[in-house]
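Work through the exercises below with the sequence and the coordinates open. Each task is followed by a solution in steps.

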Amino acid sequence: MILDPFGGRAAEIIEEFGGLMKTLMIIPDYVDPDEVIKRVSWEDKPPDELIDMNDIEDVLGFYALLGALSIKPYGFEVEEVMKRNAEIYLHRIRLVGRFDGAAGIEAVGREDLPSRDAFILERRGLRGVTPEERENLRIAYRIHLSDFLKFWEGSLKDVYVRSGYAYLSKPQALEVWRGYFRRRFSEVLRSIEGLESEFYKGLNEKMGELIRKRAGSTLYTGSVKAQPLRFDLFPPCVRMALEGVPSGMRNYAITVLLTSFLSYARFCPNPSRKDVRLRDCVQSVREVEEEVVSVVIDAGNRCSPPLFEDQPNEIKNVWYHLGFGFTEKPSLDDSGSSVWYFPPNCDKIRANVPQLCNPDEFCRGIRNPLTYYLRRLFREKQRQGGDGAGTGAEGGGDG
Ligand code: SF4
């Protein structure tokens, strides 16, 4: 039974097929799309047939989904596939009670921890702790700090660190594993982006249809009707950019992040293809000017010093990022002269301007600010309409 689709036995199988790209090429000859779709179509918990399955079938099914996502490697479907597949492997890990070295997590015994520290950490003397709580407090694993820091999304204060290792209870180890899975999933997806294949295109459509149907909403479809922006549901990084930022952060916050985020959020929340142009989503340039560029300019003016006063040419760069080329007065026909930039992923934002990322509770498991916004819109819709509960959509991306 495979516990980690990125390591150990799974890697061996991929090697036997000649490496990742060759495996992706032979997958259409081996897998039935309807069987693969079962990996994302379950409701409350993964069915037994997905838990106890043949290793090769498991690996090919998992990578078939990654191949399908490579057709459109962003948005709600990525979150959903990632979450549901993580759950399949987590279910197995819970079942066998071990990690088999995944994410570098190793089991530890009582002797590995000073007894006084273990006594405090596990609250051994404390009365009123149920056996289940006690089990969850037990320090049973450890992971080298260098790995831990890559996969842990919580605070360092929440874990016990000793001699270069973070010591973990079972719930903490599972959380680290989730972080590991999310990271590897994104890395592999990035590495296969741009796969040209009718099989994966078909699988992508089938999978997308199912996921959207379950979400009970047209919100995430490529044909979603653009809707007015809900500024109150924007992620913290975008809200900060809107308020205006100091000089070192201005170009990234305003021209790169805000321009791309507002334009996709307003006119094309879930693009159906990678090379979508703004003119596919709007009737006139005026709409873009009024609803996106004016907001971007206002935010630029709130920067210190004001961005567009300081760098008047930067407005051309805004149009450039919207796909109209480097111009000040575009026409609709110019749309497509440059790439319409998709909002940068959170890791890119953190790498470029770490001060912009001040995550709140909705950021958990989020990799792109647009996904944050879509998820919050969806929750809001559920809250108001009372539908969509139990679809699993609301937790998308928490791996
Ligand atoms: S986690 Fe992502 S969405 Fe949240 S504040 Fe940071 S960059 Fe923005």
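**Exercise 1. The ligand shell**

Which helix supplies the largest share of the shell around the ligand?

Solution. The model is predicted, so local features need pLDDT of at least 70 and side-chain atom pairs count only at pLDDT 80 or more, while totals for chains, interfaces and linings use all residues. Residues are numbered from 1 along each chain as its sequence is written, and side-chain values use heavy atoms, with hydrogens and water left out.

Step 1. List the residues near the ligand, that is, those with a heavy atom within 4 Å of it. They are Pro235, Pro236, Cys237, Cys346, Ile349, Arg350, Cys357, Asn358, Cys363 and Pro369.

Step 2. Assign them to helices, which are DSSP runs of H or I with at least four residues, numbered from the N terminus; strands are E runs of at least two. Helix 12 (236-243) and helix 17 (346-352) each supply at least two shell residues.

Step 3. Pick the main contributor. Helix 17 gives the largest share, 3 residues.

Step 4. Sort by class, where Ala, Val, Leu, Ile, Met, Phe, Trp, Tyr, Cys and Pro are nonpolar, Asp, Glu, Lys and Arg charged, and the others, Gly among them, polar. The shell then has 8 nonpolar, 1 polar and 1 charged residues.

**Exercise 2. Chain totals and cores**

State what percentage of the protein chain is buried, then find the residues with the most contacts inside the largest nonpolar core.

Solution. Step 1. Buried means under 20% relative accessible area, exposed over 50%, and partly exposed in between, with a 1.4 Å probe and protein chains only. By this criterion 52% of the 399 residues are buried. The chain has 18 helices and 4 strands.

Step 2. A nonpolar core is a set of buried Ala, Val, Leu, Ile, Met, Phe, Trp, Tyr and Cys residues joined through side-chain atoms within 4.5 Å. The largest has 58 residues, and Tyr63, Trp177 and Phe185 have the most contacts inside it.

Step 3. A second, separate core has 45 residues, including Met249, Tyr264, Val288 and Leu370.

Step 4. Take contacts as heavy atoms within 4.5 Å. Leaving out residues up to four places away in sequence, tryptophan 177 touches Leu3, Ala86, Tyr89, Leu90, Ile93, Phe99, Ala102 and Ile105. For the protein chain, 72% of the contacts between residues at least 6 apart in sequence join residues at least 24 apart.

**Exercise 3. The two sides of helix 1**

Which residues of helix 1 (residues 8-16) are buried, and which are exposed?

Solution. Step 1. Ala10, Ile13 and Ile14 are buried. They lie on the same side of helix 1 because they cover an arc of only 100° around the axis, taken from the directions from the helix axis to the C-beta atoms.

Step 2. On the other side, Gly8, Glu15 and Glu16 are exposed.

Step 3. The buried residues of helix 1 pack against helix 2 (20-30) and helix 5 (55-69). Glycine 18, which follows helix 1, has a positive phi near 100°.

**Exercise 4. The sheet**

What is the strand order in the sheet, and which strands stand at its edges?

Solution. Step 1. Strands pair if DSSP finds at least two bridges between them. Strand 1 joins strand 2 through 2 bridges, and glutamate 106 stands opposite arginine 142 in strand 2.

Step 2. Strand 2 (residues 139-144) joins strand 4 through 5 bridges, with histidine 144 partnered by tyrosine 165. Strand 3 (residues 160-162) joins strand 4 through 3 bridges, and here arginine 162 has tyrosine 165 as its bridge partner.

Step 3. The result is an open sheet of 4 strands with antiparallel pairing and the order 1-2-4-3. Strand 1 (106-107) and strand 3 each have a single partner strand, so one side of each is left without a neighbour in the sheet.

Step 4. Check strand 4 (residues 165-169) for burial: 5 of its 5 residues are buried. Tyr165, Tyr167 and Ser169 are on one side, and Ala166 and Leu168 on the other.

**Exercise 5. Backbone exceptions**

Where is the cis peptide bond, and what is the phi of serine 163?

Solution. Step 1. The cis bond joins serine 304 and proline 305, with omega about -5°. Proline 305 is in the loop between helix 14 (285-301) and helix 15 (307-310).

Step 2. Serine 163 has a positive phi near 50°. This residue is in the turn of the hairpin formed by strand 3 and strand 4, which have 2 residues between them. Serine 163 is exposed, at 62% relative accessible area.

Step 3. Aspartate 100 also has a positive phi, near 55°, and is placed in the loop between helix 6 (76-96) and strand 1.

Definitions and conventions. A residue is near a molecule or strand if one of its heavy atoms lies within 4 Å of it.
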